[in-house]
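Let's take a walk through this one together. Have a look at the fold before reading on, and then we'll go from the ligand outwards.

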Amino acid sequence: MGKTDKGERVLFVGKPLFDKECLVNGDDGMKRNPEIGDFVEVPIVKSTRESLYGEALAISKQSLLHDAGVNAVVASCARSLGWPVIGETLAFIACGYSSRPVTFMDKRKSLYGKAFKTNIIGTPIIISTDAEVNKVVLQNHGNTFVPAYPKSITELLGENSILSINGPHQKRLHTIIGAFFRSPHLKERITRDIEASVGLTLDSWAQLPVVHVQDEIKRMTFEVLVKLLMSISRGEDLDILKLEFEEFIKGLICIPINFPGTRLYKSLKAKERLIKIVKKVVKERQVATTERKNSPANDAVDVLLRDVSDGASSDKQSQPLDFVSGKIVEMMIPGEETMPTAMTLAVKFLSDNPVALAKLVEENMDVKRRKLESGEEYNWSDYMSLSFTQNVINETLRMANIINGVWRKALEDVEIKGYLIPKGWCVLASFISVHMDEDIYENPYQFDPWRWDRINGSANSNVCFTPFGGGQRLCPGLELSKLEIAIFLHQLVTRYSWTAEEDKIVSFPTVKMKRRLPIRVAPVERTYHISVEDH
Ligand code: HEM
């Protein structure tokens, strides 16, 4: 807590930085006030509405230093929030295109502390790079934070999407979908489905001269996702669904202007067509699902239809078809892009790290041999207990940062660890900053799956590793995603070898390989000892 020279009580975000860094005119907008040497301009986040617009106040350096010990709430050094309207968007995007997108955050963190203000895409925002602050934001006790997505995303999702709603409806949906994804019946069925899809996909790769992993893997993950959500298998319906879905999600990051010809308009039209296709499936299933009420649900359509017929909400009951179809389409969004990206990046990291690849081959060949000898099928827990494979998956997710953070809006003033997030402000809980923090992960840019043997089970591992978010909105697809990646890696490394062409990871607007990761795949007869040279 600090005071202005008029005696006003104010809260500040950041840490004391009255060293030479603060007093230099830098590209971060810091400036020393030349008139009054003892004063600096302070970006201040105070608990009054007026302060939302970030006006700088003149604060006595002496009084700030005096107050610095109080509850760790202290001032940061002076800075502007960049240009009018665009703020620091250009610097943010430029870092996104570089090989180190976290530089934007790192630079500001070193100057202003682990939580700081900025302005991105026309939104004044507080970015938190602090794992504990992020944890509190994610836990969201008291429902003070609501999701805050860019306008194009909210337009496309609609007001009642699981990704945008807050409160009891979100909790209910989260619980029933999560319970279904974890159910033993689904685990058994989906393990077989994923194995079949991966097997067919890899067979086809071996026939191609060059495989662009990023594109080819999408077909497979989409097939699994649609099976999980509505039990549609390979065929014409799946192809049409995929085409419409791709058209729909092209608009997720676009200029939010909706009239004929714009990207948003085309995407909204694709969403209408998509919902029509899904509605047909849901309608056909309506009667069958009610009749099979006491047997386990086969897919998300079953789960939602049963919930609608049991539910108390009149909205859901009056228009169950619209409700269920809408939810299915919304649930396709978080799984569609994330899964193929995770798998593509796993292939990339393994191609660049032959020692890790050799260890992965060894572990997976061991289990394959045991299964062949016993004649048993693999089950869910066989894949999940491959410890090095799970290390590879964790390390891939840590370095890939597919969802680099989540955006929330504070419904009231919230103070966390001495940082104040004022009512109405957006906060970006930056996962990438934590995942690439060298104080938490030694050599964060090194792909080191072995580090997870040291980290797993440590007190902080949940707080400092959040690729699937956390708290109330922890990704319900978490275990399923790890299973799918594990099955893919298992079949890839036990049946094939590959060589990858040079390619680069791009992080903006979403994580991608610049050249879609071209590789050449060849079948191999693996026997006992696998050496690194095989790859
Ligand atoms: C590697 C793959 C994946 C990653 C990295 C990932 C990441 C995330 C993250 C970070 C969130 C939290 C968003 C927030 O707090 O606002 C989330 C939510 C969600 N994810 Fe995933 N996800 C993945 C795969 C999947 C899959 C396969 C599905 C299956 C349909 C799925 C379904 C969902 C749903 C429905 C939510 C919203 C939960 C809610 O708000 O209650 N995700 N995911």
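Helices here are DSSP runs of H or I with at least four residues, numbered from the N terminus. Keep in mind that this is a predicted model. With that numbering in hand, which helix gives the largest share of the shell around the ligand? That would be helix 13, with 6 residues.

Helix 13 spans 320-352, and it has company: helix 6 (168-181) and helix 19 (478-495) also supply at least two shell residues each. The shell counts 23 residues in total, and those that come nearest to the ligand are Gly-335, Thr-338, Gly-469, Cys-475 and Gly-477. What is the make-up of the shell by class? There are 15 nonpolar residues, 7 polar ones and 1 charged one.

Let's stay with helix 13 for a moment and pick out Ala-342, which sits in that helix. Ala-342 counts as buried because it has 23 C-beta neighbours inside 10 Å, and the cut-off for that label is 20 or more. Leaving aside residues up to four places away in sequence, Ala-342 touches Thr-396, Leu-397, Ala-400, Ile-402, Ser-481 and Ile-485. Take Ile-402 from that list: 60 residues separate it from Ala-342 in sequence, yet their C-alpha atoms are 7.3 Å apart.

Now over to a piece of sheet. Strand 5 covers residues 115-120, and 6 of its 6 residues are buried, so the strand is largely enclosed by the rest of the structure. Which residues point which way from strand 5? Ala-115, Lys-117 and Asn-119 go one way, while Phe-116, Thr-118 and Ile-120 go the other, and all of them are buried.

The partner to look at is strand 6 (residues 123-128), which runs antiparallel to strand 5 and is joined to it by 6 bridges. If you want a place to line the two up, Ala-115 stands opposite Ser-128. The two strands form a hairpin with 2 residues between them, and there Ile-121 takes a positive phi near 45 degrees.

Finally, zoom out to the whole chain. It has 19 helices and 16 strands, and of its 535 residues, 41% count as buried. How much of the contact map is made by residues 24 or more positions apart? Among contacts with a separation of 6 or more, such pairs account for 71%.

Conventions
Residues are numbered from 1 along each chain as its sequence is written. This is a predicted model: local features need pLDDT of at least 70, side-chain atom pairs count only at pLDDT 80 or more; totals for chains, interfaces and linings use all residues. A residue is near a molecule or strand if its C-beta atom, placed from the backbone, lies within 6 Å of it. Ala, Val, Leu, Ile, Met, Phe, Trp, Tyr, Cys and Pro count as nonpolar, Asp, Glu, Lys and Arg as charged, and the others, Gly among them, as polar. A residue is buried if 20 or more other C-beta atoms lie within 10 Å of its own, exposed if 12 or fewer, and partly exposed in between; C-beta atoms are placed from the backbone. Two strands pair if DSSP finds at least two bridges between them. Two residues are in contact if their C-beta atoms, placed from the backbone, lie within 7 Å.
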